[in-house]
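Please consider the sequence and the fold together. The paragraphs that follow lead from strand pairing to enclosed space and then to points of backbone geometry.

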Amino acid sequence: MPQTLIPNIHDFLATIDPFDKLPKELQRKIACCIKITYLAKGEQIQFGGEHELRYLYVVRTGSMEQRKHNGMLRAKLGSEDLFGFTFLSEQKESQEDYTAVALENTLLYLVPHSDLLNLLEEYPDFAEHFASNVQVRLHSALDVVWSDSEKGIFVKKVSEVASDKIVVADSSTPIRQVAEQIMAVCSPTAVITENGQIVGLVTDRDMTKRVIVAGLDYTRPVKEIMTPNPLTVAPNDLVLKASSIMMQNNVRSLPVVEGNNVLGVLTTTHLVRNNRIQAVFLIEKIKYAKTVGDLTKLTPERQAIFEALVEGKVSGDIIGHVMTLIMDAYNRRLLQIAEEHFGKPPCEFAWIVAGSHARNEVHMLSDQDNAIILADDATAADRIYFQGLAMWVCNALDACAYPLCSGKFMAVNPKWCMPLKVWKASYSKWVANPEYDSLLNATVFLETRWLYGNESFNKELQAHLFSSIQSSHVFLSSMVQDSVSVNPPLGIFNSLVLEKSGENSKTLNIKKFALSLLVDLARIYGLSSGSEKAETMARFQHAYDNDLLSEDMLKNVQGAFQFITQVRLSHQFTALKEGRVADNHIDPNAFGSFERKHLKDAFRIIADLQEYTKLKFNRQ
């Protein structure tokens with residue numbers, strides 16, 4: 001290649017991802033290796049030959065289309081796009097055969113794989129950007145800005161903070177012996193068990209108030225001074241969730257439990273540290289708010305917390321959990337205020353939430369999805385009471401910037417305020433006859449989470465739902481057909497138009513064409529594997545644990561979901577900072593080569609999973 005072309009090539013590479021992440025010296029060395037080729041419209045590049053020379057291709061001008069051997073579209077590529085990553089792997093099974101066709105006259109830069117791999121050996125810190133595995137490239141795109149100390153304690157997992165110094169004693173153990181054990185391990189708490197089950201909690205304060213001050217005989221069994229039925233947390237729960245439980249229930253200690261195994265204890269002492277996240281204090285303010293007006297004044301604080309989390313590039317799943325805890329707090333406080341206003345409920349009930357709220361994936365656009373499960377003996381008069389309560393709560397949530405659901409999936413709708421037996425009958429009908437309306441109703445309420453009232457109502461309803469699905473021959477297949485009816489956009493470049501009319505024309509709806517597809521697929525795999533968890537990532541993990549997904553597919557879909565979520569949250573953050581209304585509609589022209597390249601990787605993962613899911617469940 002003529003030396004005179006190298007400066008021009010270098011200048012081009014320096015502006016596109018991932019070359020713009022490399023030091024100038026490495027950029028120049030890669031530019032010197034490049035070969036140039038020209039394809040006329042319709043010319044092809046066939047991949048998969050045993051002895052072919054392999055390259056990383058960079059589209060300089062023009063456009064390309066990739067097709068798998070079965071004719072399925074793999075991706076569309078425009079100027080600044082790259083392809084050929086999979087052939088950087090020396091493992092043949094990792095290489096994906098396909099054909100690339102020029103859609104118009106196209107100029108390509110070719111970086112020989114051998115030269116690129118040799119250069120990356122000299123610069124190993126940058127090898128991740130050119131990994132053959134898509135999940136590694138996506139991971140490299142999820143840069144974290146905040147350090148652990150900057151994020152603060154509340155977005156850490158409980159297991160990272162809790163003490164493992166804990167006493168576990170049988171309920172018949174003498175008080176003196178438990179006190180000696182507490183002193184020996186310097187723990188403020190003892191967990192009390194009976195027949196292998198956790199039945200109580202004793203703290204050093206209990207020893208002081210209930211034994212020393214009361215003059216109780218030290219030889220008495222410890223069960224006489226324990227606090228029964230203690231609240232617990234899981235090791236993977238956020239500290240923010242644990243602190244919220246402490247505040248809501250006025251407790252100072254929470255055992256950290258997995259199954260029936262006590263792993264440690266979290267106390268209020270662990271939480272008295274400097275932190276950058278103020279969500280815990282907002283939840284405290286919500287708890288003590290007296291009126292709807294008091295709560296509406298807290299909306300700017302909620303937005304500030306969201307902006308701080310996104311700006312710090314905290315992972316999307318943690319942002320979702322934090323924003324969910326805040327939304328939970330609003331719901332609970334409004335229900336408490338409503339009961340003060342309307343009087344004591346005339347019968348038992350459960351307030352449940354659905355959609356992103358149930359999945360712990362709340363963001364700044366999340367609207368209300370809620371419902372009420374009434375006791376089976378609820379009367380017509382009782383239903384009038386709950387209709388009034390639901391109307392008040394839903395309107396109050398709207399005033400607090402949690403919009404009313406456009407699909408009317410709210411407790412204020414009489415359809416979603418029903419006795420438990422009616423809910424069960426509705427689920428049975430939806431699952432047995434999954435036509436469009438029934439399937440829509442079912443999918444909205446496929447993930448529900450109890451928030452207030454009688455928790456057993458929701459547990460019983462969920463058990464009925466899972467039982468109904470397991471006995472249905474058509475429900476999952478209908479869900480699969482619905483989930484693959486919308487394809488992700490495999491060709492983001494130039495003047496791509498996805499929304500073709502209305503005020504959002506010429507934009508990419510990141511929810512409709514990406515995130516919702518993953519949520520739908522996660523539902524299918526979660527239900528197929530018997531997962532009781534509602535979170536999208538947890539459902540895919542459970543499917544892998546039950547051999548429904550390979551490890552490579554799991555890592556791919558995790559990377560895709562995390563990156564797409566980050567793009568959506570960043571888009572919302574930018575709109576809020578600029579004083580605009582946040583939405584899900586992104587102008588493709590706003591994407592640089594970085595976002596476009598990684599989104600294409602993510603969308604291709606979704607398309608591959610859709611194809612795999614269709615084949616897998618059609619065989620069953």
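Strand S3, residues 55-61, is largely enclosed by the rest of the structure, because five of its seven residues are buried; in this predicted model, a residue is called buried when its relative accessible area is under 20%. Two pairings of this strand can be followed in turn. With strand S8, residues 106-112, S3 pairs in the antiparallel sense over six bridges. Within that pairing, leucine 56 has valine 111 of S8 as its bridge partner. With S6, the pairing of S3 is again antiparallel and runs over two bridges. Here tyrosine 57 stands opposite phenylalanine 83 of S6. Strands of a sheet pair through backbone hydrogen bonds, in either a parallel or an antiparallel sense.

An open sheet is built from four strands in the order S2-S7-S4-S5, with antiparallel pairing. Its edges are strand S2 (44-46) and S5, each of which pairs on one side only. From one strand to the next, the twist averages 15 degrees. Inside that order, strand S4 (residues 64-67) and strand S7 (residues 99-102) pair in the antiparallel sense over four bridges. Methionine 64 stands opposite alanine 102 of S7 in this arrangement. As a general rule, the side chains of a regular strand alternate between the two faces of the sheet.

The next topic is enclosed space. Rolling a probe the size of a water molecule over the atoms shows where empty space is left. How many cavities of 30 Å³ or more does a search of the whole structure find? The search yields four, and the largest cavity has a volume of about 160 Å³. This cavity is lined by 16 residues, of which Leu82, Phe83, Phe85, Asp601 and Arg604 are the closest to its centre. Phe83 thus appears in two settings: as a residue of S6 opposite tyrosine 57, and among the lining residues closest to the centre of the largest cavity.

Which elements each supply at least two residues of this lining? They are S5, S6 and helix H23 (593-619). The largest share, four residues, comes from H23. S5 therefore has a place both as an edge strand of the open sheet and as a contributor to the lining of the largest cavity, while S6 both pairs with S3 and contributes to that lining. By residue class, the lining divides into six nonpolar, three polar and seven charged residues.

The loops hold further points of backbone geometry. Between strand S5 (73-77) and strand S6 (82-83) runs a loop that contains glutamate 80. Although glutamate 80 is not a glycine, its phi is positive, at about 80 degrees. With a relative accessible area of 25%, glutamate 80 is partly exposed.

Asparagine 195 is located in the loop between strand S10 (189-194) and strand S11 (197-203). Its phi is near 55 degrees, a positive value in a residue other than glycine. Is asparagine 195 buried or exposed? The relative accessible area of asparagine 195 is 74%, so this residue is exposed, the threshold for that term being over 50%.

Finally, the loop between helix H1 (6-13) and helix H2 (24-33) contains proline 18. The peptide bond that leads from aspartate 17 to proline 18 is cis, and its omega is near 0 degrees.

Note on methods
Residues are numbered from 1 along each chain as its sequence is written. This is a predicted model: local features need pLDDT of at least 70, side-chain atom pairs count only at pLDDT 80 or more; totals for chains, interfaces and linings use all residues. Side-chain values use heavy atoms; hydrogens and water are left out. Buried means under 20% relative accessible area, exposed over 50%, partly exposed in between (1.4 Å probe, protein chains only). On a 1 Å grid over the protein atoms alone, a cavity is a set of points where a 1.4 Å probe fits but cannot get out, and a pocket is an open set with protein on both sides within 12 Å along at least five of seven lines; lining residues have an atom within 4 Å of a point. Grid points are joined across faces, edges and corners, and a volume is the space filled by probe spheres set on the points. Ala, Val, Leu, Ile, Met, Phe, Trp, Tyr, Cys and Pro count as nonpolar, Asp, Glu, Lys and Arg as charged, and the others, Gly among them, as polar. Two strands pair if DSSP finds at least two bridges between them. Axes are lines fitted to C-alpha atoms, for helices over the stretch in contact, and angles run from 0 to 180 degrees between N-to-C directions.
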